[in-house]
Structures are given as structure tokens and as C-alpha cells.
Amino acid sequence: MEFLAKEYGYVALVVVAYCFLSIWMGIQVGMARKKYKVYYPTLYALESENKDAKLFNCVQRGHQNSLEMMPMFFVLMILGGMAHPCISAALGLFYTVTRYFYFTGYSTGDPQKRLTIGKYGFLALLGLKICTISLAINLLRR
């Protein structure tokens, strides 16, 4: 793997950390399913059928949104990290932390609380996009 800087290992570790966060979120959804009696294959609870629907749906939505963002995050980490491994790893770690707070804020049942710290994750994604654009420009200039 001589084509990657040794610091690229940090990028790999951050990607794995996000995977662990995603697994933890999935476990929280499973626990919420039991607590609020929302059984598979139901993805979201209906308020007409379950008095705790909003609480469950907020937990589910916090995880679902993180899953929706995961492919873009991983691609930006993998590509941007090739040119800027330390910066990408730092941005990725920051993003992972903000996703934790996004999820825990959402899981309170008040969707606005997902944004308290979670909103700053988009700054990390912007930084990762810049790292990836830098990679693209450097490749095209060769």
C-alpha cells in the first residue's frame, strides 16, 4: 500500500468508528421498538395506532438520516483522505461526534434538538468536499 500515506490509517479508523456509531444507533432503535411496541416490519409508527409514535419515530428517523448520509460521508472520507489524510480524519471524527449528538438530540422526541450540535456536521462535510476537490484537481494537473 505504498500509494497511500501512512496517515491514511487515521481515515480508515474514523470510518470504522462511524460504523460502530451506526451499529449503536441501530441497537437504540431496536430498544425503542421494544419500549414503544413498534414491531417489524413497521418502519415508522402511526400516531393513530400508537400513543408513543412520535417518540419512536424520532429515534428511527435519527438513525435513518445517519444511514442516508453514510454513503456520501464514506466517499468523501475515502477520496479526500487520499490527498489530505490528517485533515480528512479530523473532519471525519468531528462529523462522527456531531452525528452522535444529532441522534441523541433527535431521540428526545423533539426534532429541533437534533440541530443543537448536529447542525455543525455539515461544516465537516463541506471540508471533506474541499479535500476531495483538491484531490481531483491534483490528479487532473498531473
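Let me begin with one residue, Thr98, which is found in helix H3, and I should say at once that the model we are looking at is a predicted one. Thr98 has a relative accessibility of 1% and, because buried means under 20%, it counts as buried. If we set aside residues up to four places away in sequence, Thr98 touches Ile117, Gly118, Tyr120 and Gly121.

From that residue we can move outwards to the helices. Helix H3 covers residues 85-106 and helix H5 covers residues 121-141, and their axes come within 8 Å of each other while crossing at roughly 155°. That angle makes H3 roughly antiparallel to H5, since angles over 145 degrees are counted that way. As for handedness, H3 passes H5 in a left-handed crossing. On the H3 side, the residues that meet H5 are Ile87, Ser88, Leu91, Phe94, Tyr95 and Thr98, and on the H5 side they are Gly121, Ala124, Leu125, Gly127, Leu128 and Cys131. Sorted by class, this contact of H3 with H5 holds eight nonpolar residues and four polar ones, with no charged residues.

Now to H2 and its packing against H5. At what angle do H2 and H5 pack? The angle is about 45°, with the two axes 8 Å apart, and H2 and H5 are therefore oblique to each other. The crossing of H2 and H5 is left-handed. H2 brings Met69, Met72, Phe73, Leu76, Met77, Leu79, Gly80, Met82 and Ala83 to this contact, while H5 brings Phe122, Leu125, Leu128, Lys129, Cys131, Thr132 and Leu135. Those residues of the contact of H2 with H5 divide into 13 nonpolar, two polar and one charged.

One residue on the H5 side deserves a closer look, namely Thr132, which is found in helix H5. Is Thr132 buried or exposed? Thr132 has a relative accessible area of 15%, and it is therefore buried, the limit being under 20%. Leaving aside neighbours within four places in sequence, Thr132 is in contact with Leu76, Leu79 and Gly80. Thr132 can also be set beside His84, for these two are 48 residues apart in sequence, yet their C-alpha atoms are 8.5 Å apart in space.

The remaining pair to describe is H2 and H3, which pack at an angle of about 180° with their axes 10 Å apart. H2 and H3 are therefore roughly antiparallel to each other. By class, the contact of H2 with H3 has twelve nonpolar, nine polar and two charged residues.

Let me finish with the nonpolar core. In soluble globular proteins, nonpolar side chains tend to be buried together. Here the largest nonpolar core has 28 residues, and of these Tyr18, Phe56, Phe73, Met77, Tyr95 and Leu125 touch the most other members. At least two residues of this core come from each of helix H1 (8-36), helix H2 (53-83), H3 and H5. Which helix gives the most to this core? It is H1, with ten residues.

Met77 is one of the core residues that touch the most other members, and its own surroundings can be listed. Not counting residues up to four places away in sequence, Met77 touches Tyr8, Val11, Val14, Val15, Ser88, Ala89, Gly92 and Leu128.

Note on methods: Residues are numbered from 1 along each chain as its sequence is written. This is a predicted model: local features need pLDDT of at least 70, side-chain atom pairs count only at pLDDT 80 or more; totals for chains, interfaces and linings use all residues. Side-chain values use heavy atoms; hydrogens and water are left out. Axes are lines fitted to C-alpha atoms, for helices over the stretch in contact, and angles run from 0 to 180 degrees between N-to-C directions. Helices (H or I, at least four residues) and strands (E, at least two) are DSSP runs, numbered from the N terminus. Angles under 35 degrees count as roughly parallel, over 145 as roughly antiparallel, 65 to 115 as roughly perpendicular and the rest as oblique. A crossing is left-handed if the near helix is turned anticlockwise from the far one by less than a right angle, and right-handed if clockwise. Contact means heavy atoms within 4.5 Å. Ala, Val, Leu, Ile, Met, Phe, Trp, Tyr, Cys and Pro count as nonpolar, Asp, Glu, Lys and Arg as charged, and the others, Gly among them, as polar. A nonpolar core is a set of buried Ala, Val, Leu, Ile, Met, Phe, Trp, Tyr and Cys residues joined through side-chain atoms within 4.5 Å. Buried means under 20% relative accessible area, exposed over 50%, partly exposed in between (1.4 Å probe, protein chains only).
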